Every structure is written in structure tokens, then in C-alpha cells.
Amino acid sequence: MTRTSRAFDRAADSHDQTRLLPEPIASAGIQAILANLHTRRSALLLEVGAGTGRISLPLLERGANLVGCDLSLPMLRRQHEKSAAARLSQSDAAWLPFAARQFDGLLTIHVLHLVGGWRQALREFARVLRPGGVYVNSWNWQGRGDVDDRLRQYWRSRAAGPGADWRRPGVQSREELLAEVRAMGASVAELLVTRFYLEIAPIDVIGSIASRHYSETWDVPADVFDRSVSELRAWASQEYGDLSRPLPAERRFLLDVIRF
Ligand SMILES: C[S@@+](CC[C@H](N)C(=O)[O-])C[C@H]1O[C@@H](n2cnc3c(N)ncnc32)[C@H](O)[C@@H]1O
């Protein structure tokens with residue numbers, strides 16, 4: 001059964017403050033997205049799940065001929081407030097309101113894990129791309145076992161249970177996504193754009209989970225959620241001692257360049 005997509009209406013006010021674009025992504029990442037999508041002069045591009053324009057506005061500033069769509073009207077309104085010139089459509093990735101073979105390039109970034117009908121969405125992407133068009137799905141690699149990963153895994157183990165589910169409704173892993181596009185006959189090229197290093201304090205990870213700004217926390221009932229965060233705090237103190245001490249973490253920004 002297809003689960004309902006997770007529109008970001010409730011995140012529209014907090015999204016830009018909680019999802020800051022690290023400098024290496026803002027510079028090298030945006031440049032690489034554009035270079036890979038822009039397959040010919042005045043290529044027409046579509047970003048699906050464009051949200052508040054965190055990615056699409058920098059692309060527009062670099063001259064991209066881009067349309068953005070998203071399920072959430074409040075997210076699109078935010079984008080429109082930032083740029084009245086942005087061309088936007090409120091639509092579901094699984095039922096795109098565009099004619100076939102229109103776009104030269106299509107982009108998703110941090111979206112398909114939220115799309116209930118993600119398999120149908122991939123078929124829509126193949127339909128609206130012209131022959132020779134390219135689909136770029138961008139993702140962040142994060143090392144297993146860094147402080148952010150360990151704390152989130154622990155919290156998930158405490159938040160799962162009867163009536164409580166932190167899993168998002170869409171694709172569950174990159175492997176699942178790539179298996180599906182390959183089954184559709186697509187080719188996939190993985191491109192490592194940049195790797196960078198951060199320092200993350202345990203207290204900040206706990207704070208970001210406790211704030212419920214992230215969609216994996218939205219469906220967990222309040223009582224289970226409060227208990228899971230208390231358990232997380234106690235476990236983190238045992239594991240890390242000083243929760244405000246920053247710890248190193250590596251991130252990589254990658255593109256999967258897909259041709260149907
Ligand atoms: C995590 S945000 C990412 C937004 C943007 N790509 C970025 O990186 O800033 C995910 C976006 O996908 C949208 N979304 C979720 N399900 C969708 C669907 N079925 N069709 C279109 N957009 C969807 C949400 O409303 C939200 O704006």
C-alpha cells in the first residue's frame with residue numbers, strides 16, 4: 001500500500017533556519033548540480049520538492065531556466081516571498097501536471113523519502129524528461145558511527161514501537177531507489193562533488209530532535225516522544241560525558257546522475 005506523502009506545511013516557518021546550506025554545498029554543490037543538469041543552452045529544468053527554494057533560488061541566481069514544484073503551498077509561499085520571479089507549481093511528484101518530454105533536467109534533493117508514491121514519481125520523472133534528459137538526485141553521505149548518526153539511531157530505537165513510527169513514507173534507502181531506476185532500464189553515474197568536515201556537539205543533535213523540526217519526529221505520539229528524548233539524554237550523557245563538547249564528523253555531497 002502506498003503511504004501518504006509528507007508535505008512540509010508545518011515546517012515552512014522553521015525550514016530555512018534549521019536546514020542551513022553548508023558552504024561547500026552552497027558553492028561547489030550548486031555549481032555541480034547546474035553543470036550536470038544543464039545539458040544544452042537554455043535547458044528547461046524542474047526541481048521536484050523545491051520547498052522554500054534553498055536549492056532552486058541559487059540555481060535561478062546562476063541563470064537556470066527552472067520551474068519548481070512542491071506538495072506544500074506554505075513552503076512554496078516562502079519561496080515566492082524570497083523571489084517573486086520563481087515559477088512554481090503546487091503538485092505531487094507522483095502526478096506531475098506537465099506534458100511529456102518537456103524538461104531537459106530534473107532535480108530532487110532530500111525529497112523521495114517523503115513521497116508515498118515514489119515509484120510512480122520515478123515514472124513521472126521519466127515521462128516529463130525529453131529523450132536524452134537527465135535526472136539528478138542529490139544526497140549527503142554521513143559516516144556510520146559519528147555522533148549525529150549514533151544519537152539519531154539510538155533515538156529511533158527508543159521511538160519505535162506500537163503506534164509509533166519514525167520512518168518516512170517514501171523510499172527507505174539510496175539502494176532501494178537505485179534498484180528501482182535500474183529496473184526501469186536507467187543508467188546511473190555516482191558523482192562525489194565534495195567532502196567536508198564539521199564539529200557537532202551531542203547537545204545540538206539532541207536539541208534538533210527535541211525541537212521536532214525534522215519530519216521523522218512528527219508521527220511519534222507525544223508521550224512516546226517525550227520518553228524517547230529523556231532516554232536519549234540519559235544515554236548520551238553516559239556515552240559522551242560533556243554533551244557540549246564538539247566532536248568531528250565527515251560529510252560528502254554526492255549526485256546520482258540518472259538517464260532513463
Ligand atoms: C526536506 S524538504 C527539501 C526541500 C528542498 N529540496 C531543499 O533541499 O531545501 C522536502 C520537500 O518535499 C516536499 N514533498 C513531500 N512530498 C512531496 C510530493 N509527493 N510531491 C512533491 N513534493 C513533496 C515537502 O513538502 C518539502 O517541501
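Visitor: In which helix is the place of Ser56?

Guide: Ser56 belongs to helix H3, which covers residues 56–61. Before we go on, keep in mind that this is a predicted model.

Visitor: Is Ser56 buried or exposed?

Guide: Burial is read from relative accessible area, with under 20% taken as buried. Ser56 has a relative accessibility of 0%, so it counts as buried. Setting aside neighbours within four places in sequence, Ser56 is in contact with Glu47, Ala50, Leu66 and Gln79.

Visitor: Glu47 makes me think of the ligand. How far is a nitrogen atom of the ligand from an N or O atom in the side chain of Glu47?

Guide: That separation is 3.2 Å. For polar contacts, look for pairs of N or O atoms within 3.5 Å. A ligand nitrogen also sits 2.8 Å from a polar backbone atom of Gly49. An oxygen atom of the ligand, in turn, has a polar side-chain atom of Asp70 at 2.7 Å.

Visitor: How many residues surround the ligand, and which are the closest?

Guide: There are 23 around the ligand, and the closest are Gly49, Arg54, Asp70, Ala93 and Ile109.

Visitor: Let's turn to the interior. Which residues have the most contacts inside the largest nonpolar core?

Guide: They are Leu46, Leu112 and Phe125, in a core of 26 residues. Two or more residues each come from strands S1 (44–48), S2 (65–70), S4 (103–109) and S5 (129–142), and from helices H5 (118–128) and H7 (174–183). The top contributor is H5, with five residues.

Visitor: What does Leu112 touch, not counting residues up to four places away in sequence?

Guide: Leu112 touches Trp118, Ala121, Leu122, Phe125, Tyr135, Gly170, Val171 and Leu177.

Visitor: And Ala126, in helix H5: what is its relative accessible area?

Guide: The value for Ala126 is 27%, so this residue is partly exposed. Beyond its neighbours within four places in sequence, Ala126 is in contact with Met184 and Phe260. You can also compare sequence and space here: Ala126 and Arg101 are 25 residues apart along the chain and 8.4 Å apart from C-alpha to C-alpha.

Visitor: What do sequence and space say for Asp13 and Ala234?

Guide: Asp13 and Ala234 are 221 residues apart in sequence, and their C-alpha atoms are 30 Å apart. Asp13 lies in the segment before helix H1 (15–18). With a relative accessible area of 58%, Asp13 is exposed.

Visitor: Now a helix with two sides. Which residues of H9 are buried?

Guide: The general idea helps here: an α-helix has 3.6 residues a turn, so residues three or four places apart point the same way. In H9 the buried residues are Val224, Phe225, Ser228, Val229, Leu232, Trp235, Ala236 and Tyr240. Viewed down the axis of H9, they fall within an arc of 135°, so they line one face of the helix. The face turned away from that buried side carries the exposed residues Asp223, Asp226 and Gln238.

Visitor: What covers the buried residues of H9?

Guide: The cover includes helix H6 (147–159), helix H8 (202–210) and strand S7 (247–259).

Visitor: How many residues does H9 have, and what is its reach from first C-alpha to last?

Guide: H9 spans residues 222–240, which makes 19 residues, and reaches 26 Å, close to the 27 Å expected at 1.5 Å a residue.

Visitor: Which residues of H8 are buried?

Guide: In H8 they are Pro202, Val205, Ile206, Ser208 and Ile209. Their arc around the axis is only 160°, which puts them on the same side of H8. The buried residues of H8 pack against H6, strand S6 (187–200), H9 and S7.

Visitor: One last feature, the backbone angles. Which residue just after H8 takes a positive phi?

Guide: Start from the general pattern: most residues other than glycine have a negative phi. Arg212, in the loop between H8 and H9, has a positive phi of about 60° although it is not a glycine. Ser42 is not a glycine either, and its phi is positive at about 45°. Ser42 is found in the loop between helix H2 (23–37) and S1, and at 57% relative accessibility it counts as exposed. A glycine case is Gly241, which follows H9 and has a positive phi near 70°.

Terms used
Residues numbered from 1 in each chain as written. Predicted model: local features only at pLDDT ≥ 70, side-chain atom pairs only at ≥ 80, totals over all residues. Heavy atoms only, no water. Core = buried A, V, L, I, M, F, W, Y, C linked by side-chain atoms within 4.5 Å. Buried < 20%, exposed > 50% of the residue type's maximum accessible area, 1.4 Å probe, protein only. Helix = DSSP H or I, 4+ residues; strand = E, 2+ residues; numbered from the N terminus. Contact = heavy atoms within 4.5 Å. Expected span 1.5 Å × (residues − 1). Arc of directions from axis to C-beta. Near = heavy atom within 4 Å. Polar contact = N/O pair within 3.5 Å; in protein donor to acceptor, adjacent residues only side chain to side chain.
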